[in-house]
Amino acid sequence: MVKLSRAVALAVSLTLGGLALGVHAEEPLKFNRDIRPILAENCYLCHGPDHNKRKADLRLDRRESAVSTGREQAAIVPGNPDASSIIQHIFATDPDELMPPPESERQLSAAQKETLRRWVAEGAEYEPHWSYTPVRRPEAPATAHPAAIPIDAFILRQLEQKAIEPAPEADRATLLRRLSFDLLGLPPTPEDIAAFAADSAPGAYERQVDRLLASPHFGERLAMDWLDLVRYADTNGYHGDEYRSIYPYRDYVIDAFNSNMPFDQFTREQIAGDLLPNATREQKIASGYNRLNQITAEGGAQEKEYRAIYAADRVRTTTSVWLGATMGCAQCHDHKYDPYTAKDFYSFAAFFADVDERGVYGAGGIWEPVMYLPDAAQQTKLDEFDTAIAAVNRLLDETTPESGQAYADWLGRSEQEALQPTEHWTPLSPASLTADIGAAPLQHARNLFEASAAAGEKQTLTVSGTAPVQTLTAIRLEALAFDGPGNVNTPGNGAFKLTGIAFTVNGQAIAIQEALADFEQPETTIAGAIDADPNTGWAIQRHEKSTRHEAIFYLAAPLAVEPGAVLSATLQIEGMGGAAVHEYFRLQASAHPRPELPLRKQVPRDVIRLLRKAPASRTAEENASVRAAYATGSSYVKGKRAELARLTNEKAAYQRTLVSTLVSQPVEPRVTRILARGNWMDESGPIVEPAVPEFLSGLDTANRRANRLDLAEWIVRKDNPLTARVYVNRLWKLCFGTGLSKVLDDLGAQGELPSHPELLDWLGGEFMESGWDIKHMVRLIVTSGVYRQSSARREELLDIDPYNRLLARQSQFRLPAELLRDNALAVSGLLAGEIGGRSVYPYQPEGYYANCNTFTGPLIYTPDQGANQYRRGLYTIWKRSFLHPSMLAFDAPTREECTAERPISNTPLQALVLLNDPTYVEAARALATRMYQEGGAEVSDRITWAFKRLLSREPSEAELVILAQLYAKHRAAFGETAEAATALVEVGFSAPPADIPAGELAGWTSVARALLNLHESITRT
């Protein structure tokens, strides 16, 4: 009995009653509160859920195993500690008998040992893990203090049990400042404070809450935490960490919170927006959640390996975000602390096996699938492309009348050409040849002229001569390999690329509508020679094909040519593959309505022989051969395919100028196997179908394969014990700095029992019963008495409740990185309030990106100018490998993984950022300008004005004296060093006012910098 009394005394002194080891002698121990944390930390590693690591076939996480008599001695004999082997082992003095064994580096304290002994003596009752039991909304307890809403009743009951009085309500200025930061992430204005102070009617506070909940900045504040969870970023993460456009997803999240989209709908649209019937544009944007993982474009990366990496990442993220579960621990083996198995892990991954993606992408490519988001005018342009593309496709479709007539026309011409070849072309005799670089072009026999330039040079060549026809319909360019001395275009060597060609008659440009060639390569088509892009073009690699090729350029309309008119062609040519350019060319003109490539260029010789036969004598097989040759080689079909390629490329190029976003797109699901020890190369594991963890309520999909929509529906089912608890716990953290259960991403055995379990269940039940109404829950929390308490430190509670888990006062904590920036910009008047839009580039140290691994050379960071420089921190470009240094300094995550809670550090580097980052220096100068212009004529008046603007209060006499002295000292110093004053006030893109002397403004800037660096300025109280 002496040992037991000492244990109870130790336990009470160690922690709060009702938390962790805190127990009361007058009440029985509870498994979830008092025992599970001890076993999970010290025993489950060897005697828990993971059957691969389980020792002695003993599970201490299940009562039936622990009390089993099927072994020599039961681990637990309820009511008899002395007969229980677990008690004997934990009190053993022999290292060979001691549990946990010394080599485990785990050790039970004396209090923990006595707690376990007492628990066995009391009957060793188990409880299901608190977070895996259904959410049951309990009745609010009766309290001696008045409790307007159930939230207060649950808090007050614990305080009354410990004879602790709650803190008084904070003053109105503090309340509104707290509310503004929690709900908007922005400080209140002095006008807001004054209006609240003057409102003496009942419900004044609630009206402020409703005003803030209706603000569009509410969505921005809640989105910030959500983006951490889903690891939103603007770049890929791996290797080159290239930019990818997905900011419309971020804007969707902001809009969802602002419109108070029910959380269950919010869940469905992100996990399975693309699977919803008649999915809207916004729902497809929401499905971009599934594409937020890091992806690679690294050469040599293994497709299969990265598919496994992406799948595992989605399991970790989705289970952390919605279930507060660490299922990622089951990737290589069954979870050691919670009942998640490796089969559960891979079955969960199988839900996402239908997401269309590549394991390895091409550097600088489009990270397909993407969805383009045109405005009305842009959509009209896209519709025009689609109409034109559809028209060409009808001409290529053999089943349409248009295609049939085109074949009949071609067949007639080809039969005549086969019997009696005709020539529709007249050569242009060059009279003038010029080139900007390289060897001077020379004219040769047969109207040939040559192009010649060194490797790496781009030559612009112009040839002119008298137009050989009176009506011009088309121009033909022949390219022949140079066969003279020094030829580099012998087989296996050399290439040229025609990146542009243009024609004029008497100096007037000729409009070219279409082009076709006898030979094209996939990435270098003839259409590239007539577009406006200097990087595209028609290329011939001489080692691949014959030494003679030709292209035809069709005019948009026949052109009448006066006798003696000069026809000119300008060719832009460059070498390929490091080869020099050395090529023969010849130009010819035609007056024929539709001149084509010679028949020998269109079809094989055996088909020409068939065309010479009388049509009636050709067999069905021979006619089929002719038709097939037409479909693959005729000028008509080639022309239409070239036109189709041109239209398709033009549409794609136009689309690339539009806003786009990554989206999910379902495909045939890939096979998912259990990977032994997570080894992606091991294909011996069994195939699994999509399924939720077996120990939780299962899915009923009527024998069909479950999909992501089924998963989303299961996540927000009311019998799912996790989702509601997880999200309301995070809302509580938003409003108090710490969740009711502190470990936000682990509600399992290694997490923490809630400080107020019944309150968490009440909130979870209320959330579901409200229709998953987020604003309703936020309103409930922030209108509670516990939220409205003063956050002033209470000396009498420092030993009893050092971490404020009993909530006898409100909490104080430093603002997150983004809100620090927002606060400085807001009080200075620089903040741009636009909601949504592309990510922006604030000031960043020069050379910060110097070591970025890119595919195209050094990465240049160009800060935005204008309003985009002063957007909220939420919109800062989020480059995972080189996150903005100001964000990093203040603990923003890189978002390579799901982040449920950011750390809060206090480092000298943070002070340096606040004092020297151009954003904060410029904000200080802008605030100083307002102090000078709006604060009054006296030094004390200007300081007081700044205090009200920045801290929502007036300064004390001591603060006035200190800051007045600071101003006087710095005003004098800057008056003596005009260059330093000018350098300070000119930091940033916004111009300082011309009517305030630089020394004067610099002095006030020093005061503003000091104010922006106050602990109170960066702290939410």
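These notebook entries record what I looked up in the structure, going from the chain as a whole to one pair of helices.

**Entry 1, the whole chain.** I began by noting that the model is predicted. I then looked up the extent of the chain, and found that its C-alpha atoms fill a box of roughly 120 × 85 × 55 Å when taken along the principal axes. For the secondary structure I wrote down 34 helices and 16 strands.

**Entry 2, burial, surface and contacts.** I looked up how much of the chain is buried, and noted that buried residues make up 54% of its 1021 residues. The accessible surface comes to about 43300 Å², and I noted that carbon and sulfur atoms account for 53% of that surface. Turning to contacts with a separation of 6 or more, I found that 73% of them join residues 24 or more positions apart.

**Entry 3, helices α2 and α6.** I next picked out helix α2, residues 31-42, and helix α6, residues 110-121, whose axes come within 11 Å and cross at roughly 125°. Angles from 65 to 115 degrees count as roughly perpendicular and those over 145 as roughly antiparallel, and I therefore entered α2 and α6 as oblique to each other. I also recorded that the crossing of these two helices is left-handed.

**Entry 4, the residues where they meet.** On the α2 side I listed Phe31, Asp34, Ile35, Ile38, Leu39 and Asn42, which meet Gln112, Thr115, Leu116 and Trp119 of α6. Sorting this contact by class, I counted 6 nonpolar, 3 polar and 1 charged residues.

Definitions and conventions:
Residues are numbered from 1 along each chain as its sequence is written. This is a predicted model: local features need pLDDT of at least 70, side-chain atom pairs count only at pLDDT 80 or more; totals for chains, interfaces and linings use all residues. Side-chain values use heavy atoms; hydrogens and water are left out. Axes are lines fitted to C-alpha atoms, for helices over the stretch in contact, and angles run from 0 to 180 degrees between N-to-C directions. Helices (H or I, at least four residues) and strands (E, at least two) are DSSP runs, numbered from the N terminus. Angles under 35 degrees count as roughly parallel, over 145 as roughly antiparallel, 65 to 115 as roughly perpendicular and the rest as oblique. A crossing is left-handed if the near helix is turned anticlockwise from the far one by less than a right angle, and right-handed if clockwise. Contact means heavy atoms within 4.5 Å. Ala, Val, Leu, Ile, Met, Phe, Trp, Tyr, Cys and Pro count as nonpolar, Asp, Glu, Lys and Arg as charged, and the others, Gly among them, as polar. Buried means under 20% relative accessible area, exposed over 50%, partly exposed in between (1.4 Å probe, protein chains only). Accessible areas come from the Shrake-Rupley method with a 1.4 Å probe; for residues, only the protein chains shown count as cover.
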